[in-house]
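Me: Please take a close look at the empty space in this structure. I would like the pockets and the cavity described, along with the residues around them.

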Amino acid sequence: MPKPKFAEASEKCVPVWLAGAKKLAASLKEPGSISGLPAEALRFAAAMSFDPKPGRHFWFTQQDGAPGVIFCLDDDPAADPFQPGALATLLPAGAYRWMNNPEKPELAALAFLLGSHSFTRYKAPRSRAALVAPKNVDAAAIESIASCVAFARDLIDTPANDLGPDELEAAALGLAAEFGAKAKVFRGKTLARDFPLIHAVGKGSPREPRLVELRWNPKRARKMTLVGKGVCFDSGGLDIKPDSAMGLMKKDMGGAATALAAAAMIMAADLDVALRLLIPIVENSVSGEAFRPGDVYPSRKGLTVEIGNTDAEGRLILADALALADEEKPELLIDFATLTGAARVALGPDLPPFYTDDDALAEAISRHGFAVNDPVWRLPLWKPYAAKLDGKTADLNNAPAGGMAGSITAALFLRRFVSPGVSWAHFDIYGWTPTARPGRPEGGEAQAARLVFSLASEKFGRAKLR
């Protein structure tokens, strides 16, 4: 699929002026109150009784007969910096250039590229508006980030009949080949022996479970590990989901796609870090081989787990992957997972919760999320709830009775598989945009990937030339 790109500058590019809605309204009453806007545009808008509201735009004819566009922005400085990205779908196909930059031109330009993305595997793409890169921005870096996000979105949007464990593994191995990373795949008897929880979840499907490991520049001194939940489809297993909850389960590998996107950004930028990526990949199916409620399985860490519900499978495969990651004690360990519906009830689809007991890391995550418009919200690893996880016949139960605080108890379950001294964060993402917004088309979304890349860029920096 084509990668997001800026348009080449030329005289044929249509100029676009950006103006705060309130200031534009005042200027229509008193022409000339906004410097830099063409007088002919203001006269036309006033004659047409244009109502300047944020997100609206109008076309006008310039003095030389060429077209121009005015786009209304929210006057609030805290408004969505992605708002100019709405033009990617509002404008017809063609090339455009901004005549005056928004307050955060890098984010606005990124939003335009992200907003122009569409999933085209099964239907012909239509021509889209294209933007000339604003002045004084790193166009190549913005294009790289947009391409990595598009990669993750396309994976999430692909239905499970065309994206099963084999295909998700192939996507990871393709990324490894692109950046010269070393790859290893655990499956079969090795998986059953060394990663029993991953094997247990995936053994009910004819599509074999596995764990994919990528290592990039392992000789560098500082270590970072990313882990992504790769459930290619989640039927709920024997505790089968209702159809209303199963319709979007192709996106249950959204954590893996997000981890792949974040890893791609880090490798493309050549950050000075030894990066490790772990993707446990399964399909949670219903069959005579499927794991059952009440079953008890060992884990890689040695803790035994009683299955309270087969639809709480994501934390099981993450547990084994996190235990493997923890054995190296990386400087930073982050996992992404479309883990609980409880997170959506608490914070909705657009604001993923994250969990960590490292306050300095929490502050950095929140700061970078705000800075790159990739918002998240910290929820507590509330230790008194940990007792809910106690199993009757095993060390842990994967799905405590009662259902309350479901996102928190899931995070506490994962916490048991990471050593206290490791700086770890868990993101309970939705991986999907249900209603299109500027820079965020409806469909798959790599939530928290950009903020983790921003965090890693600050923490590790770019590699020095050798």
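Reply: The pockets come next, then the cavity, then a few buried side chains.

This is a predicted model, in which local features need pLDDT of at least 70, side-chain atom pairs count only at pLDDT 80 or more, and totals for chains, interfaces and linings use all residues. Residues are numbered from 1 along each chain as its sequence is written, and side-chain values use heavy atoms, with hydrogens and water left out.

Start with the largest pocket. On a 1 Å grid over the protein atoms alone, a pocket is an open set of points with protein on both sides within 12 Å along at least five of seven lines. A cavity is a set of points where a 1.4 Å probe fits but cannot get out. Lining residues have an atom within 4 Å of a point. Volume is the space filled by probe spheres set on the points, and grid points are joined across faces, edges and corners.

The largest pocket holds about 680 Å³. Its lining has 33 residues, and Asp311, Leu339, Thr340, Gly341 and Ala342 are the closest to its centre. Helices H11 (314–326), H12 (341–347) and H14 (406–415) each supply at least two lining residues. Helices (H or I, at least four residues) and strands (E, at least two) are DSSP runs, numbered from the N terminus. H12 provides the largest share, three residues. By class, the lining divides into twelve nonpolar, eleven polar and ten charged residues. Here Ala, Val, Leu, Ile, Met, Phe, Trp, Tyr, Cys and Pro count as nonpolar, Asp, Glu, Lys and Arg as charged, and the others, Gly among them, as polar.

Leu339 deserves a closer view. This residue sits in the loop between strand S13 (332–337) and H12. Leu339 counts as buried, at 12% relative accessibility. Buried means under 20% relative accessible area, exposed over 50%, and partly exposed in between (1.4 Å probe, protein chains only). Leaving aside neighbours within four places in sequence, Leu339 is in contact (heavy atoms within 4.5 Å) with residues including Gly314, Arg315, Leu318, Ala410 and Leu414. Asp357 is 18 residues from Leu339 along the chain, and their C-alpha atoms are separated by 19 Å.

Now the second largest pocket. Its space is about 530 Å³. Of its 21 lining residues, Ala141, Ile142, Ile145, Phe453 and Arg462 lie nearest its centre. Helices H4 (105–115), H5, H10 (254–268) and H15 (449–460) give two or more residues each. H5 gives the most, with five. The lining has 13 nonpolar, three polar and five charged residues.

The cavity is next. A search of the whole structure finds one of 30 Å³ or more. About 150 Å³ of space lies in the largest cavity. It is lined by 18 residues, with Asp374, Arg440, Glu445, Gln447 and Arg450 nearest its centre. Helix H5 (139–157) and strand S18 (432–433) each supply at least two of them. Eight lining residues are nonpolar, three polar and seven charged.

Last, some buried side chains. Glu213 lies in strand S7 (residues 210–216), and is buried at 8% relative accessible area. Its side chain makes a polar contact with that of Arg276 at 2.7 Å, and another with that of Arg215 at 3.5 Å. A polar contact is a pair of N or O atoms within 3.5 Å; within protein, one must be able to donate a hydrogen and the other to accept it, and residues adjacent in sequence count only if both atoms are side-chain atoms. Cys72 is buried at 0%, and Cys232 at 1%.
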